[in-house]
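With the model open in your viewer, follow the stops below in order; each one names what to select and then says what is to be found there.

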Amino acid sequence: MFKRKDLLGIQDLQREEISTILDTAESFKEILTRPIKKVPTLRGKTVINFFHEPSTRTRISFEIAAKRLSADTINISPSTSSLIKGESLKDMAKTLEAMNPDIIVIRHSAPGAPHLLAQVAKFSVINAGDGAHEHPTQALVDLLTIKEHKGKIKGLQIAIVGDILHSRVARSNIFALGKMGAKVRLIGPPTLIPPFIEQLDVSIEHSLEKGIRDCDVIMLLRIQLERQKRVFFPSIREYARLYGLTPDKLIKAQEGVLIMHPGPINRGVEIDPRVADAPFSLILDQVTNGIAVRMALLYLILGGKR
Amino acid sequence: MFKRKDLLGIQDLQREEISTILDTAESFKEILTRPIKKVPTLRGKTVINFFHEPSTRTRISFEIAAKRLSADTINISPSTSSLIKGESLKDMAKTLEAMNPDIIVIRHSAPGAPHLLAQVAKFSVINAGDGAHEHPTQALVDLLTIKEHKGKIKGLQIAIVGDILHSRVARSNIFALGKMGAKVRLIGPPTLIPPFIEQLDVSIEHSLEKGIRDCDVIMLLRIQLERQKRVFFPSIREYARLYGLTPDKLIKAQEGVLIMHPGPINRGVEIDPRVADAPFSLILDQVTNGIAVRMALLYLILGGKR
Amino acid sequence: MFKRKDLLGIQDLQREEISTILDTAESFKEILTRPIKKVPTLRGKTVINFFHEPSTRTRISFEIAAKRLSADTINISPSTSSLIKGESLKDMAKTLEAMNPDIIVIRHSAPGAPHLLAQVAKFSVINAGDGAHEHPTQALVDLLTIKEHKGKIKGLQIAIVGDILHSRVARSNIFALGKMGAKVRLIGPPTLIPPFIEQLDVSIEHSLEKGIRDCDVIMLLRIQLERQKRVFFPSIREYARLYGLTPDKLIKAQEGVLIMHPGPINRGVEIDPRVADAPFSLILDQVTNGIAVRMALLYLILGGKR
């Protein structure tokens, strides 16, 4: 069972809670194949999507998830939310709380912003990405996608490739995969691997070709130039040459390897188009599972309150 | 009873109409405490939130109010609405009218913009703030909040403190409180009190400490630097020193005094955090009442049309 | 009957398909006069309005149309969609497809963008304007408006006046009117008439006064300075003097002539206010018909899928 008020990060979750979320998401996938993809479960509930950082796909994913459960949705976009600057996040939380919404889905550039919101207000909070800290719903989506295609998560060897340092997706996945019993290997240039990260029980490898050899799944990360304050590699071309996943490099991996990417992909940078569009690429399965996982979370969190 | 097509300002309203709005809002507050906070009253009605000036809290308050009554809501934001510049407000009104919406909620930097809309089009118009002219729904929210906490409005002494000159909230409250029989005292530096305002039957005081002595309620206004074309006081620090409400100054007020603020608050400028967070501060009650008052207005205006 | 997955342009449509759309739109107009202007027809369907180019009126028209059919609507605005730049349109289409929406309504500055979307994804696509290529829903709105007021389209003489070169409205109307048996005359300065356009079976006239003499309908186009890369006429004033429709020039037209304009109008440029506001101006009828035509299209396209 799931009895939390909030979903703030994977780090706090128990293995059983993760299993409950994944099982619930699987049952919601059936609804999504119906001609009328809507159930009245959350009628009268209000979900506020507060995206302080720009995002199209995650916001739409949450908005569709909420609408398929018949909840009312309200969007606060970066352009309008920046207009309430001057107001502290805590004051904003208390103001929103006074309007009595049921859930705030928040994306924010400041790590810990969702936690602050959850602490000061009685509405539920779902973290849709906070700085370079966590992006828990993406990691849950990734677990569901692996489980669907491999039948299990435990015991698998998973590579996470790229800019680990700035990636909340990587952090959440390191926690999530670890809790579910998978082995995680981080692959990237030394400048993009955070120091002391071995303490999270991961292995580290700087050569892509060596690192992927025995992996069941390779998760590629998006190179987000906009999030880097200084230069961590000589050039995009250099990065692509060393860490872009091409068929040439993939040939070193074992049979049945699966490719994942949280999107949006940079074709020709971290992923070669022939890899992105291959049958063993699960990139679009991840998008589809995004809606099911977010429906499950809205349902479990608001169900627990009823 | 309430038979108006529009809510453009408090100045036009009769005392009885104000009472009807407040009574209706009180009855809607009950709905807001239910697990399913939604009634089918305005199903099939279309509410357009046309915010030409940025606003997050008022727009969300109207959007939640409309959705809890099951109306369909459409947002026109500053960024998109600026794109129809070149089109006159009158042409835009006629265009919207041809789409047959039921209510347009409009915030606009030009005083009188809602009145123009209401004059040329057959849809209903609610003024959500027009320049420095009126912000009638905020004043109604404030009346409801005072009434709930003091049991009455008539005979109370209310102080309005700060930038009266640029404040549509102050103007609407001066009208509203006057009509309901309260006595209004304006407190602020001479540069921020409009000339001849005494004609609206208010008293004026330049010292905060003197002015609040016998008040039942102190309404603080937000210092909106962005709305000032020239400098009306030496510095923020100077303003805070003289007119910021601190516990030190508040000690001069009588027992049972209540603090209000339309938000968002500038902590440490017009209000000390210890005052903002005190049990006698009604700032968050005002936000909660905002939804009830806006539900009442949507209901009364569209009900009158049925 | 209408069995298409998409509405990409008028050029592809058969005459019978156009008639079906117009007949369906007429039947939806009745719903729009009811007190509850909503039917459950598309409950559970998801319509994404993806406006890569700014637009207020077309987006609102589609959003109202979808909501009156009880569909769920999701907006992607220019400001948020620009944030997924770096992602190719094709990747974005596949990503949206993985979320399983029913229809994407797309406005895009690139001609052919809707066609690409329709080709790569299994959701339905409605073209809400692609570059200077087509704006098919506007042309259908114009046909419906003419048919309502003239009782027929066949055999009528229609003038389209202004910047033909940059106008997707003109292109779609040339196809639409031609298919329905009307005669089309293009009127404008030589610099704004595309070369070889006579091949589309239209006549060309450079003098407004001569050109409108025997016309049943005069469609004026908006002068969109923002879309011109170089100067096509000496000045706005010069354009207004030669091609602005004034009562003086209109006196040369035959009795019963009707005036149309896709909006928003530039008063005093392409249209004199006395003409815009005359009883024979159908500009606002076009706006009203916009919702009925878009409801019809959503209904026919999604109905065919059921």
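Begin by selecting chains A and B of this predicted model and displaying the contact between them, in which 20 residues of chain A meet 23 residues of chain B. On the side of chain A that touches chain B, pick out β2 (72–76), α3 (78–81) and α4 (89–98), each of which supplies at least two residues. Of these, α4(A) deserves a selection of its own, since the largest share of that side, four residues, comes from α4(A). If you then colour the side of chain A that touches chain B by residue class, you will find six nonpolar, eight polar and six charged residues.

Next, hide chain B and bring up chain C, where the contact takes 23 residues from chain A and 20 residues from chain C. Here the elements of chain A to select are α2 (57–68) and α12 (283–305), each supplying at least two residues of the side that touches chain C. The most comes from α2(A), with six residues. Coloured by class, this side of chain A shows eleven nonpolar, seven polar and five charged residues.

For the last stop, keep chains A and C in view and superpose them. How large a turn lays chain A on chain C? A turn of 120 degrees, with a shift of 0.0 Å along the axis, does so with an RMSD of 0.0 Å, which means that the two chains stand in the relation of a three-fold axis. Finally, compare the contact residues of the two copies: they use different surfaces, and 4% of the contact residues of chain A recur in chain C.

Technical notes
Residues are numbered from 1 along each chain as its sequence is written. Chains are lettered from A and ligands numbered from 1 in the order in which they are written. This is a predicted model: local features need pLDDT of at least 70, side-chain atom pairs count only at pLDDT 80 or more; totals for chains, interfaces and linings use all residues. Two residues are in contact if their C-beta atoms, placed from the backbone, lie within 7 Å. Ala, Val, Leu, Ile, Met, Phe, Trp, Tyr, Cys and Pro count as nonpolar, Asp, Glu, Lys and Arg as charged, and the others, Gly among them, as polar. Copies are superposed by least squares on the C-alpha atoms of residues with pLDDT of at least 70 in both.
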